[in-house]
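User: Give me a close look at the aromatic packing in this one, please. Work outward from the rings to whatever surrounds them, and spell out your cut-offs as you go.
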Amino acid sequence: MFFVSEKQHNRCLDMVIKIAEKQGAKIALVDNIYAYGRQSTNRITEEARKKPQTKKGKIRLAMENKLKESNVPSLIVHLPDLYGPNAENTILYETLKSVAQGKKANFVGNMQVKREFLYTVDGAKAMVELALRDDTYNQNWNVPAVHTITGEELVKVLRDITGYKKGIRTVSKGMIRLIGIFSPSMKEVVEMLYLTEKPVILSGEKYEKEIGTLPRTSYRVGLEETMIWMNKRALK
């Protein structure tokens, strides 16, 4: 995974705000769920209190606050973990890549815990719909996945699609912590692993009430299209 420092994040956002102010433009920010921190409710609405405990979560919340304090009309869209064509910097990418290559795959987190994985095309459609409207700015929006799914259920879909028969290794917190001794960036991964144990699950109620039906590609279709992309890429 690719990591960007707090200084780089802030510098990028400062530049975007400055340009938007100069051009009279709006800002539509694609964000993850890190700023929500640990939550106790089943489905998180946009009104949930944000109190992140991790470094990455605090950076995201600081960026959100900076954007809201600017004079630029903006909207912030929270998305869960992504998968799909061109989505390489994701927690699921290495799993899918190994399956496509017929290698033994790793899966990060408990495979019995239900989590969200949003198909990139669905996230993009929702984002564009929000960005093109005038009544969506100066607000936060959640875009959830089609439904929650366990690692075991996801792997079963992959096996049905691809005929993959190799085993799946579960990557635990202890394993990543050990790697973190040698790689500082992996320490941040350990910090975020709470999301694989007690996931933050987004509510899309606001979007569906005010905008319309959320894009909802099934995991089977989304994974089929992702594997087709990966196989085409391997042939290049």
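Analyst: Let's start with the overall burial: of the 236 residues in the protein chain, 48% are buried (under 20% relative accessible area, with over 50% called exposed and anything in between partly exposed; 1.4 Å probe, protein chains only). Bear in mind that this is a predicted model, where local features need pLDDT of at least 70 and side-chain atom pairs need 80 or more, while totals for chains, interfaces and linings use all residues. Numbering runs from 1 along each chain as its sequence is written, and side-chain values use heavy atoms, with hydrogens and water left out.

The chain carries 10 helices and seven strands (DSSP runs numbered from the N terminus: H or I over at least four residues for helices, E over at least two for strands). Take the contacts (heavy atoms within 4.5 Å) with a separation of 6 or more: 81% of them join residues 24 or more positions apart.

Now the rings. Searching the whole structure turns up two aromatic pairs (ring centres of Phe, Tyr or Trp, using the six-membered ring of Trp, within 6.5 Å; stacked if the planes are under 30 degrees apart, edge-to-face if over 60, tilted for the rest). One is Tyr83 with Tyr119, a tilted pair with 5.4 Å between centres and 40° between planes. Tyr83 sits in strand β3 and Tyr119 in strand β5, so this pair ties together parts that are 36 residues apart in sequence. Both Tyr83 and Tyr119 are buried.

The other pair is Tyr83 with Tyr219: the centres are 6.1 Å apart and the planes meet at 20°, so that pair counts as stacked. Here the link runs between distant parts of the chain, from Tyr83 in strand β3 to Tyr219 in helix α10, 136 residues apart. Put together, Tyr83, Tyr119 and Tyr219 make one aromatic cluster. Tyr83 is buried because its relative accessible area is 2%, and Tyr219 counts as buried because its value is 4%.

Step back and you reach the largest nonpolar core, which has 36 residues (a nonpolar core being a set of buried Ala, Val, Leu, Ile, Met, Phe, Trp, Tyr and Cys residues joined through side-chain atoms within 4.5 Å). The residues with the most contacts inside this core are Val77, Tyr83, Leu96, Phe117 and Leu223. At least two core residues come from each of β2, α3, β4 (105-108), β5, α4, α5 (151-162) and α10 (219-235). The largest share, five residues, is supplied by α10.

Phe117 is a handy bridge back to the rings. Skipping its neighbours within four places in sequence, Phe117 is in contact with both Tyr83 and Tyr219, and also with Asp81, Ile91, Leu92, Phe107, Ala145, Ile149, Leu154.

Helix α4 (residues 120-131) is another contributor to this core. Its 12 residues reach 16 Å from first C-alpha to last, close to the expected 16 Å (1.5 Å times one less than the number of residues). Thr120, Asp122, Gly123, Ala126, Met127 and Leu130 are buried in α4. Viewed down the helix axis, those buried residues fall within an arc of 160°, so they line one face of α4 (the arc is taken over directions from the axis to the C-beta atoms). The cover over them includes β3 (81-83) and β5 (117-119), along with β1 (27-31), β2 (74-78), β6 (139-142) and α9 (205-210). So β3 and β5, the strands holding Tyr83 and Tyr119, also help cover α4.

Two serines show more of the surroundings. Ser74 lies in strand β2 and is buried, because its relative accessibility is 4%. Ser74 touches Ile27, Leu67, Tyr137, Asn138 and Gln139, leaving out residues up to four places away in sequence. Its C-alpha is 5.6 Å from that of Ala28, 46 residues away along the chain. Ser98, in helix α3 (residues 93-100), is buried as well, because its relative accessibility is 14%. With residues up to four places away set aside, Ser98 touches Lys103, Lys104, Ala105 and Tyr164.

For contrast, Lys7 in helix α1 (residues 6-23) is exposed, because its relative accessible area is 60%. Lys7 and Ile59 are 52 residues apart in sequence, with 9.5 Å between their C-alpha atoms. Ile59 is one of the buried residues of α2.
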